[in-house]
Amino acid sequence: MLKINNLKAKVGEKSILNDFSLDIKPGEVHAIMGPNGSGKSTLSNILSGKKGYDVSGEIKFEGIDLFSLETEERAHKGIFLAFQYPLEIPGVNTNIFLKTSLNAIRKARGEKELDALEFLKLVKQKSKELKFDEEKLNRQLNVGFSGGEKKKNEILQMSILNPKLSILDETDSGLDIDALKTVAQGVNALRKKNNSFLIITHYQRLLDYIKPDHVHVLMNGKITKSGGPELALELEKKGYEGLN
Amino acid sequence: MKTESSQNSREKEIEKLKKYKYGFSTDIENTKAPKGLNEEVIRFISNIKKEPKWLLDWRLKAYQRLKVLKEPNWQKPKYPKINYQDLYYYSAPKSFKEKPKSLDELDPKLLETYKKLGIPLQEQKRLNNIAVDAVFDSVSVATTFKDKLTEKGIIFCSISEAIQKHPELVKKYLGSVIPLTDHFFATLNSAVFTDGSFVYVPPGVRCPMELSTYFRINASDTGQFERTLIIADKGSYVSYLEGCTAPMRDENQLHAANVELIALDDAEIKYSTVQNWYPGDKDGKGGIYNFVTKRGLCKGINSKISWTQVETGSAITWKYPSCILKGDNSIGEFYSIAITNNHQKADTGTKMIHLGKNTKSKIISKGISAGFSDMTYRGLVDISKKADNSRNYTQCDSLLMGNKCGAHTVPYITNKNSGSNLAHEATTSKISEEQLHYCQQRGLNSEEAVGLIVNGFCKEVLQQLPMEFAVEAQKLVGISLEGSVG
């Protein structure tokens, strides 16, 4: 589904990712763990299409050159990024934002746009599943939301948009245990045959609830070690320094 | 081959529409007054409109006054000197020499024009509960829904017609809020105004529908000087909407309207404007100079006047819809969205003059500047000595897009009453790359993203518009900013 080959990324003179390669197959859950400054967020930024990086190498999403696609086209093709710091957009009702987003994606795919009633039904169902307070959906997008609410809102958006590849950028950081479970529940519910996940995290904690197929350690811009779920536990014990 | 060329022309068409949807002109023969500004022209206008002598005298008095007045130049947007002798002050479609009695007698080409503008008068009449008075160049063309309004005793007609049929009302109120001697453009308007709308709502009547006027400048070298007069008698209510468009022309066209509102005891007037005059091309060539004087008088106790404006067009916008809060407990409100793009300039705001006791005013201004444009909010809040226990709340927010545009906030506040209370808040923000990226990651393209963010920014004001027009205004906000993100 997602194939990254020898990705290099620089900002100005500073090299951030170096010969980074990764292969995610349909239905797989990959976790990337790494210390601060290892290049985790740069990876999610580049995958989502954020500008400002000097990149080389190759990224293919379902066989298509990702660099040839604009940010919104990547979203249309089914790439979703749960932001580490979800943005506030004052004056924009959360429900309306969600509906606009869903319909933009459906339209781009040639699917019928949902009318207000169909959308509300969907949102009601998904909020219930994720125990997301529906009242919050009538508030301005992320304005006045707590850190946990913002993250849960990202997961709600993810479950509504039903993306093929979801990238979770440190979605677990700053979450209490209940919110963490909600996030995991959202991921697990979507974890069907063909939905894939790239979970970027500092800690092993989230992986107690979402069992990854593969765990990778990212250090100094490249993957230094890959393994199964047991690698995360080993990391938790030894730390990044003790891993070589 | 054929498909390709038709696709090409379709694309061109779309491109054109994107630029300025209303940039067409209609080929209709016009009757014009001779070029230039002088007593003869004023007599010509007054004569062709069969006006009573008092009005001609009034016009001439304004003209005498005009001779000694100077064009103001304190405003931020500067413009090249206007040659007032090189303009036409009266232009009417020829078929109007005898004013049509009903819509069926209208020149079909005119009806076609209104259709293009999205105001099919015929259908509008049937489908929507909105009465429309349309002003084409200088002449009011048609008023729909007349019968239904007459039943309630509401007068909604062109000001020319009101001068003929209701002279006592016109004489009593014309110039009572904007005096003849007010300032250059207002006085110019008083001398040469050609048409506009007139509304009178009798005591205790709540106007059952939105009243609406569409203004359109069509002929070239024509100034448009409308005059609107709205009177809400005791305990009445009226909501009025004004829309404006003009064809694309290289030269700048002058629009200097006067709007006067009078609210008597317990009456309320809600006046909304969606201004979409031609803004000039992307290099700043052409476009309308929109130098308008709008003023409302809360004459009676417990009266209320509320201005809502969405200003997206014009090369230069220069207007300050104001409220004089004379009656005790009266309320003045000003909600504004002003958007400038490319080389547009706007200097706009309001004046709230508190004279009566317990008067309240509220100002919500949202300015958005993009491209090379420049935007100034200029507002006066004046609380007089006798205006005990008065309140004002002002909120001015500016949103910048890119780094070549400007936004300025110039509040003037005078409070001569120690028992009164004023609050002023101002913010300036930019649409961040991060916000755009976030929206794009959710599938919106950059223009949709900007539209969404800007509409969110303007929400408090958009909510004030009548439903039908809020949707239109939302779209307009998006269109006005197209191409402003790289």
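What radius of gyration would a compact globule with 244 residues have, and what does chain A have? A compact globule of that length would come near 18 Å, and chain A has 18 Å, so the two agree. Keep in mind throughout that this is a predicted model.

**Stop 1: chain A as a whole**

Select chain A and show its C-alpha trace. Along the principal axes, the trace spans about 55 × 40 × 35 Å. Colour by secondary structure to see 7 helices and 12 strands. Of the 244 residues in this chain, 41% count as buried. Contacts that reach far along the sequence can be looked at next: among those in chain A between residues at least 6 apart, 72% join residues at least 24 apart.

**Stop 2: the open sheet**

Now select strands S6, S9, S10, S3, S11 and S12 of chain A. These 6 strands form an open sheet, in the order S6-S9-S10-S3-S11-S12, with mixed pairing. Go to the two edges, where S6 (79–82) and S12 of chain A stand. Each of these edge strands has a single partner strand, so one side of each is left without a neighbour in the sheet. Rotate the view to follow the twist: neighbouring strands of this sheet are turned by 20 degrees against each other on average, direction ignored. As background, strands of a sheet pair through backbone hydrogen bonds, either parallel or antiparallel.

**Stop 3: the hairpin that ends at one edge**

Select residues 214–219 and 222–227 of chain A, which are strands S11 and S12. This pair is antiparallel and is held over 5 bridges. Two of the bridge partnerships can be picked out by residue. Val215(A) has Gly227(A) in S12(A) as its bridge partner. For His216(A), the bridge partner in S12(A) is Ser226(A). When looking at side chains here, recall that in a regular strand they alternate between the two faces of the sheet.

Move to the turn. S11(A) and S12(A) form a hairpin with 2 residues between them. Asn220(A), in this turn, has a positive phi of about 50 degrees.

**Stop 4: Leu60 in chain B**

Switch to chain B and select helix H3, residues 53–68, where Leu60(B) is located. Is Leu60(B) buried or exposed? Leu60(B) is partly exposed, because 15 other C-beta atoms lie within 10 Å; a buried residue would need 20 or more.

Next, display Glu39(B) and Ile42(B). Leu60(B) is in contact with both of these residues, leaving aside its neighbours within four places in sequence. A distance label between the C-alpha atoms of Leu60(B) and Ile42(B) should read 7.3 Å, although these residues are 18 apart in sequence.

Conventions
Residues are numbered from 1 along each chain as its sequence is written. Chains are lettered from A and ligands numbered from 1 in the order in which they are written. This is a predicted model: local features need pLDDT of at least 70, side-chain atom pairs count only at pLDDT 80 or more; totals for chains, interfaces and linings use all residues. Helices (H or I, at least four residues) and strands (E, at least two) are DSSP runs, numbered from the N terminus. A residue is buried if 20 or more other C-beta atoms lie within 10 Å of its own, exposed if 12 or fewer, and partly exposed in between; C-beta atoms are placed from the backbone. Two residues are in contact if their C-beta atoms, placed from the backbone, lie within 7 Å. Two strands pair if DSSP finds at least two bridges between them. The radius of gyration is taken over C-alpha atoms; the globule rule is 2.2 Å times the number of residues to the power 0.38. Axes are lines fitted to C-alpha atoms, for helices over the stretch in contact, and angles run from 0 to 180 degrees between N-to-C directions.
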